[in-house]
Amino acid sequence: MASVPASAGSAFVTVTAKVSIAIGIVATLYAAMQVIAALLLLGQVDLDTVLGFLATQSAPAPVLWVLTHLTTIAVGFLLVSAAFLAVSVGLLRRRAWGWWGFVVFMVMGAAANFAGIAAVDGAFSWAQALPPQPGMEQMRSELAALRVMSLAAMWVTALVFAVLHGLVVWQLCRPDVRAEFDIRVS
């Protein structure tokens with residue numbers, strides 16, 4: 001497929017791609033540091049002791065899974081960050097695969113924010129379900145207030161990002177923008 005040089009395309013696509021490339025670079029570098037940290041730090045931690053302690057606290061299975069797969073999660077984050085960087089470069093170069101990949105990232109990114117709300121709510125539920133400890137009543141009430149504030153902030157953030165991502169996708173789906181990528185919709 002022929003691609004249109006970036007200079008001949010819309011300013012919206014060029015700016016969106018350049019900002020996304022910058023975000024992709026930072027995210028990829030951060031993810032690489034997370035992989036290195038996971039490899040170095042997990043070698044220093046007695047994970048069996050931590051998991052044994054959590055087993056006495058009736059930790060939910062997802063918590064145990066995350067703790068036993070930290071390096072895998074970090075590598076996954078690195079791969080996703082590198083893929084976002086790649087599709088952002090493809091978007092700048094007006095490649096159809098870059099357009100499709102970027103649209104998928106926008107939709108999945110918005111959905112991930114809502115999934116994060118459920119995960120954080122689950123973590124708070126688990127923490128609040130732990131057996132009461134003497135002298136911890138104030139901390140439990142503070143935790144309940146923190147849960148409400150955190151979830152409210154996450155809902156607002158998820159909705160704002162869903163709207164922003166939706167607007168980006170809407171702009172990318174305009175006929176003149178799709179034409180820059182030689183994408184035809186019947």
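Is Phe-77 buried, exposed or partly exposed? In the predicted model described here, Phe-77 has a relative accessibility of 35% and therefore counts as partly exposed, since the partly exposed class lies between the limit of under 20% for buried residues and that of over 50% for exposed ones. Phe-77 belongs to helix α4, and this helix serves below as the starting point for an account of the ring pairs, the salt bridges and the largest pocket.

Helix α4 comprises 23 residues, from 70 to 92, and at 1.5 Å a residue it should span 33 Å; the C-alpha atoms at its two ends are 33 Å apart, which agrees with that expectation. The residues of α4 that are buried are Ala-74, Ser-81, Phe-84, Val-87, Ser-88, Gly-90, Leu-91 and Leu-92. An α-helix has 3.6 residues a turn, so residues three or four places apart point the same way. The cover over the buried residues of α4 includes three other helices, namely α1 (11-42), α5 (96-129) and α6 (137-172). Just after the end of α4, Arg-94 adopts a positive phi of about 60°.

A pair of aromatic rings is described by the distance of the centres and the angle of the planes. The structure contains 5 aromatic pairs. One of them joins Tyr-30 to Phe-77 in an edge-to-face arrangement, with 6.1 Å from centre to centre and 80° between the planes. This pair links distant parts of the chain, as Tyr-30 lies in helix α1 and Phe-77 in helix α4, 47 residues apart. Tyr-30 counts as partly exposed because its relative accessibility is 43%, and Phe-77, at 35%, is likewise assigned as partly exposed. A further pair is formed by Phe-84 and Phe-105, whose ring centres are 5.3 Å apart and whose planes meet at 70°, so that this pair is edge-to-face. Because Phe-84 lies in helix α4 and Phe-105 in helix α5, the contact between the rings ties together parts that are 21 residues apart in sequence. Phe-84 is buried, with a relative accessible area of 13%, whereas Phe-105, at 23% relative accessibility, counts as partly exposed. Ring pairs also bring Phe-102 into this group, so to speak, in that Phe-84, Phe-102 and Phe-105 are linked into a cluster.Side chains of opposite charge can pair when their charged atoms come close. A search of the whole structure finds 3 salt bridges. In one of these, the side chains of Arg-94 and Glu-180 meet at 2.7 Å, N to O. The two partners come from distant parts of the chain, with Arg-94 in the loop between α4 and α5 and Glu-180 in helix α7 (residues 175-180), 86 residues apart. Arg-94 counts as buried at 0% relative accessibility, and Glu-180 counts as buried at 9%. Arg-94 is thus the residue that both takes a positive phi just after α4 and meets the side chain of Glu-180 in a salt bridge.

A salt bridge also joins the side chains of Asp-121 and Arg-147, at 2.5 Å from N to O. This pair again links distant parts of the chain, Asp-121 being in helix α5 and Arg-147 in helix α6, 26 residues apart. Asp-121 is partly exposed, with a relative accessibility of 26%, while Arg-147 is buried, with a relative accessible area of 18%. When residues up to four places away in sequence are not counted, Arg-147 touches Asp-121, Phe-124, Ser-125 and Gln-128. The side chains of Arg-174 and Asp-176 meet in a salt bridge as well, at 2.6 Å from N to O. Arg-174 counts as partly exposed at 26% relative accessibility, and Asp-176 is partly exposed with a relative accessible area of 42%.

The largest pocket holds about 540 Å³ of space. Its lining is made up of 19 residues, and those that lie nearest the centre of the pocket are Ile-23, Phe-84, Met-106, Phe-161 and His-165. Two or more lining residues are given by each of the elements α1, α4, α5 and α6, and the largest share, 6 residues, comes from α5. Phe-84 accordingly appears in several parts of this account, as a buried residue of α4, as a member of the ring cluster with Phe-102 and Phe-105, and as one of the residues nearest the centre of the largest pocket.

Definitions and conventions:
Residues numbered from 1 in each chain as written. Heavy atoms only, no water. Helix = DSSP H or I, 4+ residues; strand = E, 2+ residues; numbered from the N terminus. Expected span 1.5 Å × (residues − 1). Buried < 20%, exposed > 50% of the residue type's maximum accessible area, 1.4 Å probe, protein only. Contact = heavy atoms within 4.5 Å. Phe/Tyr/Trp six-rings, centres within 6.5 Å; stacked < 30°, edge-to-face > 60°. Salt bridge = Lys/Arg side-chain N within 4 Å of Asp/Glu carboxyl O. 1 Å grid on protein atoms, 1.4 Å probe; cavity = no way out; pocket = protein on both sides within 12 Å on 5 of 7 lines; lining within 4 Å. Points joined across faces, edges and corners; volume = space filled by probe spheres on them.
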